[in-house]
Amino acid sequence: MAFQIDNQTVKDLELFSDRPNSKSIIDFFNRTKTFGGKLQLRGLMESPLDDIKEITQRRDCIKFFTDIGLPITINSSQMDFIDHYFRLNKTTLRPNVIDAYFNKIYIRQRNRNDHYLIQTGVEKLVFLLLELEKQLPKIPKTKIPQPLGKFFSFIRKYLQKIEISSLIKDIKSNPKLIKHYRYDWIFRDKYKKETQDLINIIYLFDAFNAVAQTAKEKNLCLPNYSESPTPVLKLKNLFHPLLKSPVPYDLDMRLGKNICFLTGPNMAGKSTFLKSLGLSIYLSHLGFPVPAQHMKTSIYSGLITTINLPDNMGLGHSHFYSEVKRVKDVALKIKEKGNVFVIFDELFRGTNVKDAFDASLYVIKSFSAVKSSSFFISTHITEIAEQLIDWSNVKFKYFDAKISNNELTYSYRLKDGVSHERSGMHILEKENILTILNSMNKTTQK
């Protein structure tokens, strides 16, 4: 079964645009030159993998485009026209001179635009084949990953077909000699499926190249993978790609540590770190480059995040009940998949402190027994740490905040240990909330 995530995780990680002008990870990677390439990019991003061989093959395909670049020149308008040409629901032109002549007259009489679209589509496709025939021999065969090798082999066999090779030979000797009536029949009839497959390969190359160029421009790294039966995760200079000036994080979860207990005051950076972490896990299971200088990770079967969990008012669910159901979903997913990467941002924030303490501690203890999965849990209830301090599989991390000259400052640095800092009252004072409340009370007492 493939690596699984759910809709809540997709929203938490902002993988896809769900409203106009919103930032998303697909937009971050989208440097495609064609609409078909954009569709292929989305298809890749919706297809995370949990097989190390398949993941590394996809990663190596992207590395090929990072090292070599796009092996052919892709023209956006050319490819869009070819795509439109293949979407025409029109009978192909007759593949002989006499029929083509009368067919041409008939089409002009019925719809001049049809003839133009067919003629131009044929020309654009012919020019694409000429480009492929020219550039393919230049590709260094020793560096081609297996999946790309199959694609390049398909293209070569297509170009070597008798009708196609004859077409290329004729056009190279006389560029004006484009037999639209014959070539249209070849492209949209005799070799329709093969031609469409070839075009889809070009779109896939466009998508791979877009990811590779993003990696080079934004200093992303290609992940490495561990086959260890116990979770392994090591990150150096992890950052969130949608931030203008992100502060990087280092993290090392090895030696049997499968739980990270995260603390820190409000606005110190916990949620951003957890989003960055979840995103790196997801991208690594796409075989995509990740926003870090180095990454090594185990292969998981799924990812579940709970960062921006809403109330479900339509079903009458409180925030706490939504959290309880989320924990249940995680437990069921672990039973189904075995090894899952789990993120909870402020577990059980929707209930009183006593219930939150008891419930959080019980859930963490239960998670602790699942050695094949990894858990990152943030909370403001730092007293829980006292119950976990002797557990060898728990790593304690925190973000800090300092008050200097009556100003609250954040380093956004991930540090070892537990934070007991509180900033809530200081923020209330800075916003003059206490003064306003006091003045309100005095007014009502008059």
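Two strands are taken as paired if DSSP finds at least two bridges between them. On this criterion, the predicted model contains an open sheet of six strands. The strand order is β6-β7-β8-β4-β9-β12, and the pairing is mixed. Strands β6 (302-306) and β12 form the edges, each pairing on one side only.

Within the sheet, β7 (residues 340-344) and β8 (residues 374-378) run parallel. Four bridges join these two strands. In this pair, I343 of the sheet stands opposite F376 in β8. Strands of a sheet pair through backbone hydrogen bonds, in either a parallel or an antiparallel arrangement.

Two helices pack on the sheet. Helix α12 (residues 270-284) touches β4 (259-263), β6, β7 and β8. The direction of α12 makes about 165° with that of β7. Helix α14 (residues 353-368) touches β4, β7 and β8. Its direction makes about 150° with that of β4. Strands β4, β7 and β8 are thus touched by α12 and also by α14.

A further helix, α11, covers residues 192-218. Its 27 residues, at 1.5 Å a residue, should span 39 Å, because the expected span is 1.5 Å times one less than the number of residues. The end C-alpha atoms of α11 are 39 Å apart, which agrees with this expectation. Just after α11, N219 takes a positive phi of about 60°.

Two serines were examined individually. S419 lies in the loop between β12 (415-416) and α16 (424-430). The relative accessibility of S419 is 3%, so the residue counts as buried, the cut-off being under 20%. Beyond its neighbours within four places in sequence, S419 is in contact with T263, G264, P265, T382, Y398 and F399. Of these partners, T263 falls within the range given for β4 (259-263). A385 is 34 residues from S419 along the chain. The C-alpha atoms of S419 and A385 are separated by 9.9 Å.

S298 is placed in strand β5 (residues 294-298). With 5% relative accessibility, S298 also counts as buried, because the value is under 20%. The side chain of S298 reaches the backbone nitrogen of V232 at 2.6 Å. V232 also appears among the contacts of S298 outside its neighbours within four places in sequence. The other residues in that set are S226, S228, T230, P231 and H285.

Methods
Residues are numbered from 1 along each chain as its sequence is written. This is a predicted model: local features need pLDDT of at least 70, side-chain atom pairs count only at pLDDT 80 or more; totals for chains, interfaces and linings use all residues. Side-chain values use heavy atoms; hydrogens and water are left out. Buried means under 20% relative accessible area, exposed over 50%, partly exposed in between (1.4 Å probe, protein chains only). Contact means heavy atoms within 4.5 Å. A polar contact is a pair of N or O atoms within 3.5 Å; within protein, one must be able to donate a hydrogen and the other to accept it, and residues adjacent in sequence count only if both atoms are side-chain atoms. Axes are lines fitted to C-alpha atoms, for helices over the stretch in contact, and angles run from 0 to 180 degrees between N-to-C directions.
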